[in-house]
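Welcome! Here are some exercises to work through, each with a solution that goes step by step. Have a look at the model, then try each task before reading on.

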Amino acid sequence: MKPIVKNIVIFFVVVIVVGAALSLYNAAPISKPKTAGMETLISQINEEKVKAIEIQGDSLHITLSDDSKEVVRKEPTESFSEVVKNYNLDPVKVAKAHPEVKGDGAGAWAVAILPFVLPFLLLIALVYIMSRQIQGANSRAMMFGSSRARKLEADNKKNKITFKDVAGVKESKEELKEIVEFLKDHKKFTDLGAKIPKGVLLVGPPGTGKTLLAKAVAGEADVPFFHVSGSEFIEMFVGVGASRVRDLFARAKKSAPCIVFIDEIDAVGRQRGAGLGGSNDEREQTLNQILVELDGFEPNDNVIVIAATNRPDVLDPALLRPGRFDRRVYLDPPSINDRDEILQVHSQKKPLAADVSLRRIAERTPGFTGADLSNLLNEAAIWTARHDRKEITQDDILASIEKVMLGPERKSHIISDEEKKVTAYHEAGHALISHTLKKAGSVQKVSIISRGRAAGYTLNMPTEDKYFTRKNEFLADLAVMMGGYVTEEFIFGDVSTGAHNDLSKATDVARRMVTDYGMSALGPQTFGHDDDAVFLGRDMVARRNYSEKTAEQIDEQVHIFTTDAYKAAKEVITTHRAKLEEIVQLLLEKETIEQEEFARFFPA
Ligand code: ADP
Ligand code: MG
Ligand code: ZN
């Protein structure tokens with residue numbers, strides 16, 4: 001802002017100086033020769049004392065017979081001939097005075113109008129300078145409407161991403177390879193009368209590689225890539241988004257063939273007329289403009305729009321109809337083989353010790369996305385570097401898994417012996433029930449080292465990927481979740497706040513068993529909409545498609561599930577009390593028990 005203030009100051013200084021100069025200029029010719037009144041001049045003419053009259057604008061420069069000079073001012077509205085008429089002068093006498101209009105009328109004009117025009121000129125100059133400065137200062141005030149898409153050129157070799165960098169997601173890659181072919185040689189397809197798709201929608205949970213895949217398509221096809229995020233269209237002012245969309249597509253068409261990538265399109269592509277606080281004009285206009293642009297360019301324009309979202313359910317149906325984003329590519333969280341491959345891709349530039357088995361890491365990380373895995377290896381590298389070692393070992397990576405999942409270890413978090421004991425029983429309870437009710441080997445680690453917000457933790461992740469969960473598995477899970485609470489109560493006759501997280505998770509699972517999966521006595525039916533909670537936009541209030549009475553029954557069924565789980569847990573603890581004590585002893589001694597050690601408690 002400072003330069004603007006400076007400019008204004010300069011502006012005023014210039015105005016004052018110029019103004020002063022002008023007034024001096026005006027005053028100058030008057031000050032030197034003697035000035036006289038019109039009456040004097042008239043009498044002088046009548047007395048034939050005047051030799052010459054020079055008319056310069058409003059001033060009459062008089063030369064008298066004795067060669068002395070004087071200046072007479074006349075009214076600006078009156079010409080000299082009018083003066084002659086008004087004063088009834090004798091034309092013969094006037095002719096003897098040799099009146100003559102001097103040609104410097106233009107200069108006089110300039111002097112006359114300059115005081116009015118100059119401020120305007122200065123003002124225009126000021127505005128021009130200021131606008132230049134605002135743009136120069138990188139403020140976008142003057143270019144609201146232009147899109148902020150970043151353009152990656154095709155020959156950008158340095159950060160070029162290709163399909164090789166994307167591990168797993170085979171089917172999605174196959175789909176997109178087709179797109180690459182379209183971009184490389186669209187004639188092959190159009191000659192056969194095939195229409196090239198205009199839009200591809202990448203759908204998948206966060207971190208599954210949507211952005212990465214879109215970049216890979218551009219890298220493979222060797223075409224320019226416009227990258228913009230849905231939220232970047234939206235500004236405070238209505239209409240800006242639409243104009244940015246227009247600008248983006250205009251730019252894209254100029255550099256066709258190319259890819260326009262709209263990341264997180266749900267930011268603009270939400271169902272119209274939905275959303276808390278009524279409709280959002282700006283978003284709707286932006287979306288409409290995107291629809292118009294998608295319809296507007298011809299399939300042969302060779303611009304392919306790729307969009308990514310993790311919320312396909314909230315997208316406006318108009319976006320999804322054929323002719324727009326009619327291709328949909330789904331990205332799932334990676335399977336164990338995919339995780340293995342992703343780990344390989346990301347460990348390429350990292351020195352791994354000989355003992356590292358990426359397969360084992362993949363086994364330990366169900367539910368991890370590509371982004372999680374890349375983060376995991378990064379954490380492991382940082383951990384190794386901080387310990388001044390040159391190679392990443394298996395243990396480094398395993399330790400990082402827990403760090404990524406649960407937060408950093410808090411070894412300095414000193415807890416009293418009493419609390420340590422409670423934590424040990426709590427975690428031992430979880431582990432014991434997990435081992436008893438689920439299959440052996442399900443417990444991978446028990447620890448009473450505080451991590452993140454948890455006082456201790458028991459890792460019992462499935463060793464293979466599961467896409468379904470059966471009711472019996474849910475029941476066992478519920479009992480395991482109750483394990484900590486039940487053990488504390490059984491041993492100390494009292495419960496602590498440490499079980500809060502377990503209980504809330506258990507209640508959540510039990511409720512979903514009733515309302516979503518039809519696993520309760522209420523039978524095969526769902527209650528409510530699963531997206532109510534997240535997407536309040538569709539209706540202001542979560543729609544309930546059941547009566548008050550049913551609501552009561554649901555609560556009742558949830559209660560039955562949780563109390564049954566409680567009873568099951570209690571039974572295990574009571575029958576295996578001795579084992580529980582053994583585990584607790586070892587936990588208090590070593591703080592952490594690994595899978596193999598834990599298995600030794602239960603000889604086959
Ligand atoms: P999304 O856009 O789906 O949220 P990104 O594409 O931004 O996820 O992925 C984030 C990071 O995770 C990528 O930069 C990459 O390092 C890693 N990643 C995700 N999926 C994969 C994959 N399939 N192969 C390799 N790396 C992946
Ligand atoms: Mg992304
Ligand atoms: Zn617990």
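**Exercise 1. Sort the residues of the shell around ligand 1 into nonpolar, polar and charged.**

Step 1. Set up the classes: Ala, Val, Leu, Ile, Met, Phe, Trp, Tyr, Cys and Pro count as nonpolar, Asp, Glu, Lys and Arg as charged, and the others, Gly among them, as polar.

Step 2. Count. The shell holds six nonpolar, seven polar and two charged residues.

Step 3. Keep the background in mind. This is a predicted model, in which local features need pLDDT of at least 70 and side-chain atom pairs count only at pLDDT 80 or more, while totals for chains, interfaces and linings use all residues. Residues are numbered from 1 along each chain as its sequence is written, chains are lettered from A and ligands numbered from 1 in the order in which they are written, and side-chain values use heavy atoms, with hydrogens and water left out.

**Exercise 2. Find out which residues are closest to ligand 1 and which parts of the chain supply its shell.**

Step 1. Collect the neighbours, meaning residues with a heavy atom within 4 Å of the ligand. There are 15 residues around ligand 1, and the closest are A167, G207, K210, T211 and H346.

Step 2. Look at the helices, which are DSSP runs of H or I with at least four residues (strands are runs of E with at least two), numbered from the N terminus. At least two shell residues come from each of α8 (210–221), α13 (336–347) and α15 (370–386).

Step 3. Now the domains, whose bounds come from an automatic or database domain assignment. Domain 2 (150–330) and domain 3 (336–406) each give the shell at least three residues.

Step 4. Take a closer look at helix α15, where G370 is found. Between the C-alpha atoms of G370 and H346 there are 9.5 Å in space, with the two positions 24 residues apart in sequence numbering.

**Exercise 3. List polar contacts of ligand 1 and say how much of the ligand the protein buries.**

Step 1. Use the cut-off: a polar contact is a pair of N or O atoms within 3.5 Å; within protein, one must be able to donate a hydrogen and the other to accept it, and residues adjacent in sequence count only if both atoms are side-chain atoms.

Step 2. Start with T211, which places a polar side-chain atom 2.6 Å from an oxygen atom of ligand 1. For L212, a polar backbone atom is 2.9 Å from a ligand oxygen. A371 brings a backbone N or O atom to 3.3 Å from an oxygen of the ligand.

Step 3. Turn to area: the protein buries 80% of the 560 Å² that ligand 1 exposes when taken alone. Such areas come from the Shrake-Rupley method with a 1.4 Å probe; for residues, only the protein chains shown count as cover.

**Exercise 4. Identify the protein donors of the zinc ion (ligand 3) and place them along the chain.**

Step 1. Donors are N, O and S atoms within 2.8 Å of the metal (3.2 Å for Na, K and Ca); water is not among the atoms, so sites may look incomplete. Here they are H426 (NE2), H430 (NE2) and D502 (OD), at 2.0 to 2.1 Å from the ion.

Step 2. Read the spacing, which is H-x3-H-x71-D. Distant parts of the chain are linked this way: H426 sits in helix α17 (residues 417–437) and D502 in helix α19 (residues 500–515), 76 residues apart.

Step 3. Check burial, where buried means under 20% relative accessible area, exposed over 50%, and partly exposed in between (1.4 Å probe, protein chains only). H426 is buried at 6%, and D502 is buried at 13%.

Step 4. Add M482 of helix α18. M482 is buried as well, at 6%, and its C-alpha atom is 9.8 Å from that of H426.

**Exercise 5. Are V169 and D222 buried or partly exposed, and what is the sign of phi in each?**

Step 1. Recall that most residues other than glycine have a negative phi.

Step 2. V169 has a positive phi of about 35°. V169 lies in the loop between β6 (150–152) and α6 (170–184) and is buried, at 12% relative accessibility.

Step 3. D222 also has a positive phi, of about 60°. D222 belongs to the loop between α8 and β8 (225–229) and is partly exposed, at 41%.
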